[in-house]
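Hello,

Here is the structure I promised to pass on to you. Have a look at it first, and then read my notes below.

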Amino acid sequence: MFRQDAVLDLAFQALADPSRRAMVDRLSHGPASVSELAKPLAMSLPAVMQHLAVLEASGLVKSQKIGRVRTCSIEPKALTQAEHWIAERRALWERRLDRLGQFLDETKDD
């Protein structure tokens, strides 16, 4: 359980930053070079590299260097784990709200 929690912590920490979310959003459309990822962002290339390092450490992104070009791509497994965690909580709260609704309907006539 601890390992899974640590993985989720890293994923949510990485996604907490708007620049990193923008990078993940861009990579969801396909692989991109670091310079392509940096183009729409108002930051230096070293800053982009630091953000990518956080995304790679979280497992959300992987990169490969071929020659002088580093190409990044999304790692769907890490996103799937975060999605499952969110879906489990959503289902729990939906069940609780359904029970509350039933209770309120039953006590409405009282």
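**Salt bridges**

The side chains of Glu88 and Arg89 come together in a salt bridge, with 3.0 Å from N to O. Before going further, please keep in mind that this is a predicted model. Both partners of this pair are partly exposed: Glu88 has a relative accessible area of 49%, and Arg89 comes out at 33% relative accessibility.

How many salt bridges are there by the rule used here? The count comes to two. The other pairing joins the side chains of Glu75 and Lys62, at 3.7 Å from N to O. This pair ties together distant parts of the chain, since Glu75 sits in the loop between β3 and α5 while Lys62 belongs to strand β2 (residues 61-66), and 13 residues separate them. As general background, side chains of opposite charge can pair when their charged atoms come close. Lys62 counts as partly exposed, because its relative accessibility is 45% and the partly exposed class runs from 20% to 50%. Glu75 falls in that class too, with 26% relative accessibility.

**Around Glu75 and Ser73**

The loop that holds Glu75 runs between β3 (69-74) and α5 (76-107). Which residues does Glu75 touch, leaving aside its neighbours within four places in sequence? They are Gly59, Leu60, Val61 and Lys62. You may also like to look across to Gly30: the C-alpha atoms of Glu75 and Gly30 are 11 Å apart, with their positions 45 residues apart in sequence.

Ser73 is in strand β3. Is Ser73 buried or exposed? With a relative accessible area of 18%, Ser73 is buried, because the cut-off for that class is under 20%. Again setting aside neighbours within four places in sequence, Ser73 is in contact with Leu27, Pro31, Leu60, Val61 and Lys62. Leu60, Val61 and Lys62 are thus on the contact lists of both Ser73 and Glu75.

**Helix α4**

I also checked the geometry of α4 (residues 45-58). Its 14 residues, at 1.5 Å a residue, should span 20 Å, and the C-alpha atoms at its ends are indeed 20 Å apart, so the two values agree. The buried residues in α4 are Ala47, Val48, His51, Leu52, Leu55 and Ser58. Viewed down the helix axis, these buried residues fall within an arc of 140 degrees, so they line one face of α4. Pro46, Gln50 and Ala57 are exposed on the other side of the helix. Just after α4 comes Gly59, which takes a positive phi of about 90 degrees. Gly59 is also one of the residues in contact with Glu75.

**A nonpolar patch, and the start of the chain**

On the surface, Leu97, Leu100, Phe103 and Leu104 form a nonpolar patch, and together they have about 410 Å² of accessible area. One of them, Leu104, is in helix α5 and is partly exposed, with a relative accessible area of 47%.

Finally, there is Ala6, in helix α1 (residues 2-15). Ala6 is partly exposed, at a relative accessible area of 23%. Ala6 and His29 are 23 residues apart along the chain, and 27 Å separates their C-alpha atoms.

Happy viewing, and best wishes!

How values were computed. Residues are numbered from 1 along each chain as its sequence is written. This is a predicted model: local features need pLDDT of at least 70, side-chain atom pairs count only at pLDDT 80 or more; totals for chains, interfaces and linings use all residues. Side-chain values use heavy atoms; hydrogens and water are left out. Helices (H or I, at least four residues) and strands (E, at least two) are DSSP runs, numbered from the N terminus. Contact means heavy atoms within 4.5 Å. The expected span of a helix is 1.5 Å times one less than its number of residues. Buried means under 20% relative accessible area, exposed over 50%, partly exposed in between (1.4 Å probe, protein chains only). The arc is that of the directions from the helix axis to the C-beta atoms. Patches are made of residues with over 30% relative accessible area and no salt bridge: like charges are joined within 9 Å, nonpolar side chains (Val, Leu, Ile, Met, Phe, Trp, Tyr) within 5 Å. Accessible areas come from the Shrake-Rupley method with a 1.4 Å probe; for residues, only the protein chains shown count as cover. A salt bridge is a side-chain nitrogen of Lys or Arg within 4 Å of a carboxyl oxygen of Asp or Glu.
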